Amino acid sequence: MSETDRKKLFLLFEKLKEDKKTLLVILMSFIGIFLIFLSEMLSHEDSEAANSYTQINFEHRDEKEELKSIIEKIEGVGNAEVMITYEGSSETVYAYDKSEQSGDSDIKNEQEHIILDKGNTEEGLPVKEIYPRVTGVAVVCEGGGSPTVKNEITQMLKALYGISSNNISISEMRS
């Protein structure tokens, strides 16, 4: 920066000190630009959170492997294989906007799903995911012939899934 540029800049600052209104307008402009920039950053983070939510679904849950791992830790159980049956599939509940309009003698209720614009696609705003109910579990494991092992596994599955012992099958794994 040359000496003449510094002098011009110094004179500009001196004029701004004297003219409070101009200084206030410039400061408000900078604050406005900062707030716009900040809102863009926050809306980008919100859209990333929504994307990560929609990517988690029931098919990606590794429930079968978790259950196998827990069963193999029970006293008297060696290797195990697990099969879980479900009633239906997962369901996503989407947010909606509810409005009420009253006319002369009646009231109209309207519901409209909230849609998110994600560039090239539009998607609903997910509120929650309802996973299907477990209807049965089959376990084949080393030690599965023992009544004690069968009882331990049955009690655990009943507690975890709220299913009756009629919907639980435990068998001995062949050697």
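## A first stop: Glu-152

At 44% relative accessibility, Glu-152 counts as partly exposed, because that label covers values between the 20% limit for buried and the 50% limit for exposed. Glu-152 sits in helix H4. Along the sequence, 76 residues separate Glu-152 from Gly-76, yet in space the two are 9.9 Å apart, C-alpha to C-alpha. Keep in mind as you look around that this is a predicted model.

## The overall layout

So what is the chain built from? Its secondary structure comes to 4 helices and 9 strands. Starting at the N terminus, the elements run α-α-α-β-β-β-β-β-β-β-β-α-β. The chain has 175 residues, and buried ones make up 18% of them.

## The largest nonpolar core

In soluble globular proteins, nonpolar side chains tend to be buried together. Here, the largest nonpolar core has 19 residues. Which of them touch the most other members? They are Leu-67, Ile-71, Val-137, Val-139, Ile-153, Leu-157 and Tyr-161. Several elements give two or more residues to this core: helix H3, strand E1 (80–87), strand E8 (133–141), helix H4 (147–161) and strand E9 (168–172). Helix H4 provides the largest share, with 5 residues.

Helix H4, then, turns up twice in this tour: it gives residues to the core, and it also holds the partly exposed Glu-152.

## A nonpolar patch on the outside

Not every nonpolar side chain is tucked into a core. Leu-24, Met-28, Ile-31, Phe-34, Leu-35, Leu-38 and Leu-42 form a nonpolar patch on the surface. Together they have about 700 Å² of accessible area. If you want a place to start looking, try Phe-34, which is found in helix H2 (residues 20–55).

## A negative patch

Now for some charge. Asp-62, Glu-65, Glu-66 and Glu-81 form a negative patch on the surface. Two of these residues, Glu-65 and Glu-66, lie in helix H3, which covers residues 63–72.

Is Glu-66 buried or exposed? It counts as exposed, because its relative accessibility is 54% and the cut-off for that label is over 50%. Glu-65 has a relative accessible area of 41%, so it is partly exposed. Glu-65 and Glu-81 are 16 residues apart in sequence, and their C-alpha atoms are 8.9 Å apart in space.

## Two salt bridges

Side chains of opposite charge can pair when their charged atoms come close. How many salt bridges does the model have? The count comes to 2.

One of them joins Lys-68 and Glu-72, with the closest N and O atoms 3.6 Å apart. Both residues lie in helix H3, 4 residues apart, which is about one turn of the helix. Glu-72 is partly exposed, as its relative accessibility is 27%. The other bridge joins Glu-87 and Arg-133, whose closest N and O atoms are 3.4 Å apart. This pair links distant parts of the chain: Glu-87 is in strand E1 and Arg-133 is in strand E8, 46 residues apart. Glu-87, at 48% relative accessibility, and Arg-133, at 47%, both count as partly exposed.

## One more glutamate

A last stop is Glu-110, found in strand E4 (residues 107–113). Its relative accessible area is 38%, so Glu-110 is partly exposed. Glu-110 and Asp-97 are 13 residues apart in sequence, while their C-alpha atoms are 8.2 Å apart in space.

Definitions and conventions. Residues numbered from 1 in each chain as written. Predicted model: local features only at pLDDT ≥ 70, side-chain atom pairs only at ≥ 80, totals over all residues. Heavy atoms only, no water. Patch = residues over 30% accessible without salt bridge, like charges linked within 9 Å, V, L, I, M, F, W, Y side chains within 5 Å. Areas by Shrake-Rupley, 256 points an atom, 1.4 Å probe, with all protein chains shown as cover. Salt bridge = Lys/Arg side-chain N within 4 Å of Asp/Glu carboxyl O. Lys, Arg positive; Asp, Glu negative; His and termini not counted. Charge placed at Lys NZ, Arg CZ, Asp CG, Glu CD. Buried < 20%, exposed > 50% of the residue type's maximum accessible area, 1.4 Å probe, protein only. Core = buried A, V, L, I, M, F, W, Y, C linked by side-chain atoms within 4.5 Å.
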